[in-house]
Protein chains: 2
Amino acid sequence: MRKINTTNFSIATRTTSRDINRRIALNVIREGQPISRADLARHMKMTRGVVSVLVQELIEQELIYEGATGEAARGRKPTFLHVRTQDRLAVAVDIRFTKTYLMLCDFSGRQLGIEIYDTVFSVPEFTKDLARRIKKMLKGQGPGAVCEGIGVVVPGMVDQRTGKVLNAPALGWRGVDIRSKIAAATNLPVHVENSGRACALAQLWLEKAETAGQSFVYVSVSDGVGTGIVMNGELIRGRDHIAGEFGHMPLDLNGPRCMCGANGCWEAYTSNLATLARYFGWNLSQLSPKHMKEMEKNSFTVLDLIARARTGDTKALSAIRASGRFLGLGLATIINIINPDAVYLAGEITNSWDLIEETVRSAMVERTLTEAAARTPLRITPAQEYPRLRGAAALIAAPTFAAPRVA
Amino acid sequence: MRKINTTNFSIATRTTSRDINRRIALNVIREGQPISRADLARHMKMTRGVVSVLVQELIEQELIYEGATGEAARGRKPTFLHVRTQDRLAVAVDIRFTKTYLMLCDFSGRQLGIEIYDTVFSVPEFTKDLARRIKKMLKGQGPGAVCEGIGVVVPGMVDQRTGKVLNAPALGWRGVDIRSKIAAATNLPVHVENSGRACALAQLWLEKAETAGQSFVYVSVSDGVGTGIVMNGELIRGRDHIAGEFGHMPLDLNGPRCMCGANGCWEAYTSNLATLARYFGWNLSQLSPKHMKEMEKNSFTVLDLIARARTGDTKALSAIRASGRFLGLGLATIINIINPDAVYLAGEITNSWDLIEETVRSAMVERTLTEAAARTPLRITPAQEYPRLRGAAALIAAPTFAAPRVA
DNA sequence: GGCATATTGTTCGCGCGCCGAACAATATGC
DNA sequence: GCATATTGTTCGGCGCGCGAACAATATGCC
């Protein structure tokens with residue numbers, strides 16, 4: 001039951017029906033490939049006649065192609081259809097405090113190359129260096145493949161519409177128009193997004209339909225806690241394009257000071273930094289970027305902490321479990337607010353899922369308002385898959401498959 | 001950029017374009033009435049020819065009617081079109097702890113009759129009594145008018161799909177199938193909704209477009225704090241139809257016990273009960289329903305507290321301001337998460353808006369992540385308008401105007 | 001009053017697109 | 001070689017948006 005916005009709507013023209021059905025067909029092929037025209041018609045509940053025309057148009061637009069013929073027990077053998085993704089490329093960039101991740105992949109999310117290097121904080125130098133690396137990376141590809149854009153993911157507040165980094169404390173960037181700078185240096189379209197929302201986009205657009213669903217929250221625990229909300233198959237961006245910041249909801253108004261300036265934010269209790277601080281007895285309120293740099297040099301991470309917990313370090317285990325408890329309490333609040341189909345969890349701490357699951361679950365039960373809500377599925381996504389980079393790629397690939405705007 | 005759900009979509013048939021445009025026309029007429037066919041065509045950017053046919057169909061379906069002819073400086077005088085709402089009626093029921101509110105109104109939300117009486121907690125007695133009152137109320141209306149359904153609003157968790165009250169602590173109802181009971185007693189379609197979400201529906205469907213917008217959060221402060229989230233013109237209901245419960249997000253995990261069983265919920269800091277408890281020095285954790293009944297008998301409400309604050313009672317003023325501060329802190333969190341176009345505020349405490357606005361605003365600045373977010377418009381809705389009852393009516397009226405499902 | 005002008009609302013041919021049915025193409029089994 | 005089954009294409013029918021022409025109805029100026 002959606003209300004029509006009478007100040008900003010699209011009427012249906014005589015080509016609208018075709019536009020809608022062509023786009024549906026593309027998506028059904030994408031998720032069911034390889035698939036024949038006849039199967040497509042059955043799945044869409046349309047006649048083969050119409051589907052034949054839709055397929056012809058999609059082939060002419062070079063969005064799909066015909067593959068091998070399949071097997072059939074009787075009758076004419078079907079011609080399989082595939083979505084053209086192999087030769088449509090996207091560059092993904094994930095800028096983080098210590099390292100910058102650069103990936104080349106195709107429109108299905110298949111990884112074609114990756115580079116990880118120290119982050120350069122000076123914006124002009126960063127841009128110049130990045131453009132050089134991208135150029136080199138694209139040269140290695142065949143001549144048939146075309147790069148259709150660059151997706152950039154930043155840890156902080158981003159206005160996705162203007163491509164400006166509003167405030168990324170970890171990088172020290174404030175009001176930086178990173179989009180136009182990279183676009184000018186590479187001559188490619190650039191999209192910028194916040195890391196939590198990017199992960200949600202990756203989950204929505206680049207994972208199998210069974211694991212993605214249409215309404216979920218993605219929670220990524222790293223130095224901070226990034227989150228993205230997807231409702232009815234659409235990422236929530238909000239009025240200023242800054243929606244989805246569950247990381248800074250309070251667990252305690254008088255709690256430890258967070259990097260955002262407020263006190264007692266969720267991420268000040270359950271982020272990697274918070275977990276380490278708990279173990280080492282640091283005062284998180286007094287932790288400066290300098291301390292963080294120091295820590296990275298010592299390179300003792302949450303993964304090391306988990307290893308210690310596994311070898312019998314009870315102090316390590318209890319530090320991790322404490323984070324798990326706060327994680328669960330935050331998840332309960334998210335579920336009470338959004339009531340999603342599922343919550344996706346990513347980050348190093350998920351490697352200790354066997355150690356903390358029970359703690360997380362019982363914390364969730366504490367604060368969820370109904371039993372059904374407490375049973376909301378939690379889905380762990382392996383950290384090795386570079387969710388942020390996949391999200392950056394999704395920024396470029398998604399418009400090809402998105403539903404047309406109607407009414 | 002919405003993703004198409006390939007397991008649950010609607011293809012466009014040869015009547016889809018017409019369906020879409022007819023529904024758009026209905027909404028444009030609704031918000032622009034009285035309006036001529038020619039104006040409608042200009043606003044929809046269609047030819048007058050098509051609009052003429054759309055209007056003809058809407059008239060045949062008895063959704064609109066032709067009114068008087070308007071004035072024009074030159075040329076043929078336009079025929080004004082109106083949406084037919086006067087003779088389409090809805091019954092609205094708002095069940096609260098002390099009183100039950102019963103209203104009869106038309107599809108534009110115009111109030112035709114109202115009854116307020118003591119709530120009967122026994123479900124069979126409540127149903128029987130309600131059916132009797134509704135029957136009487138409808139008798140008073142002319143024979144042309146038709147009641148198209150009953151909207152019921154309950155303070156607590158409701159599964160809107162099944163019509164079951166999952167848990168309404170204020171009424172002592174748990175797992176009560178109120179919908180089928182009322183439907184059987186009245187022989188009318190019944191829709192049940194949670195009070196916070198109902199208010200959001202009222203704001204979306206029954207207020208002028210300028211004040212409603214397409215993405216907002218509605219916050220209703222009463223004995224508890226009810227909230228409803230509207231994104232892109234659609235109420236967020238969630239997997240179990242329990243979404244939108246901002247009232248039970250924590251401000252302090254070790255804070256005072258809330259009626260929901262958890263500690264330190266937002267509503268335990270800023271609800272009317274919390275405000276009164278702060279003034280009288282009660283321990284909210286030990287407040288039972290019996291205490292509440294007692295309190296209602298003494299009938300000292302937040303409105304009385306506001307009156308005392310205005311006459312120089314500094315203790316009263318500081319109790320109200322403290323609630324205002326917590327209100328602002330919670331609003332900041334909502335804004336960080338949803339980043340809505342606006343937040344609507346309702347409840348007795350808004351009558352003291354001149355006393356608390358500054359406090360609320362400065363609390364918001366404390367916890368919002370960007371300056372733009374801190375400037376999110378707050379819109380006060382007068383309590384006299386019975387937002388919950390209007391929401392109950394919206395449950396019945398909205399399906400007539402909602403966008404058709406496509407793709 | 002008569003005529004030019006302007007605006008509203010209707011009608012109609014055209015082309016696009018879904019629908020159903022017929023038909024061509026291509027395979028298997030007896 | 002022929003019946004049967006399945007895939008994929010073609011075609012007439014009809015719904016619908018689009019543009020243009022036309023009818024209806026008002027005003028202003030002579």
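In the predicted model, A:Gly281, which comes just after helix α9 of chain A, takes a positive phi of about 75°. The helix that precedes this glycine, α9(A), spans residues 272-280 and has 8 of its 9 residues buried, so it is largely enclosed by the rest of the structure. The buried positions are A:Asn272, A:Leu273, A:Ala274, A:Thr275, A:Leu276, A:Ala277, A:Arg278 and A:Tyr279, and their packing partners in chain A are the strand β11 (216-221) together with the helices α8 (267-270), α11 (302-310) and α12 (314-338).

With regard to the overall division of chain A, the domain assignment gives domain 1 (16-83), domain 2, which is made up of two segments (88-201 + 389-401), and domain 3 (210-383). Between the C-alpha centres of domain 1 and domain 2 of chain A there is a separation of 33 Å.

In chain B, an open sheet of mixed pairing is formed by 5 strands, arranged in the order β13-β12-β11-β14-β15. Because β13 (234-235) and β15 (378-380) of chain B stand at the edges with a single partner strand each, one side of each is left without a neighbour in the sheet. The edge strand β15(B) runs parallel to β14(B) (residues 342-347), to which it is joined by 3 bridges, and within this pairing B:Tyr344 stands opposite B:Arg379 of β15(B). Helix α6 of chain B (residues 195-206) packs on the sheet, where it touches β11 (216-221), β12 (225-231), β13 and β14 of chain B, and the direction of this helix makes about 45° with that of β12(B).

Definitions and conventions. Residues numbered from 1 in each chain as written. Chains lettered and ligands numbered in written order. Predicted model: local features only at pLDDT ≥ 70, side-chain atom pairs only at ≥ 80, totals over all residues. Domains from an automatic or database assignment. Pairing = 2+ DSSP bridges. Helix = DSSP H or I, 4+ residues; strand = E, 2+ residues; numbered from the N terminus. Contact = placed C-beta atoms within 7 Å. Axes fitted to C-alpha atoms, helices over the stretch in contact; angles between N-to-C directions. Buried ≥ 20, exposed ≤ 12 C-beta atoms within 10 Å, placed from the backbone.
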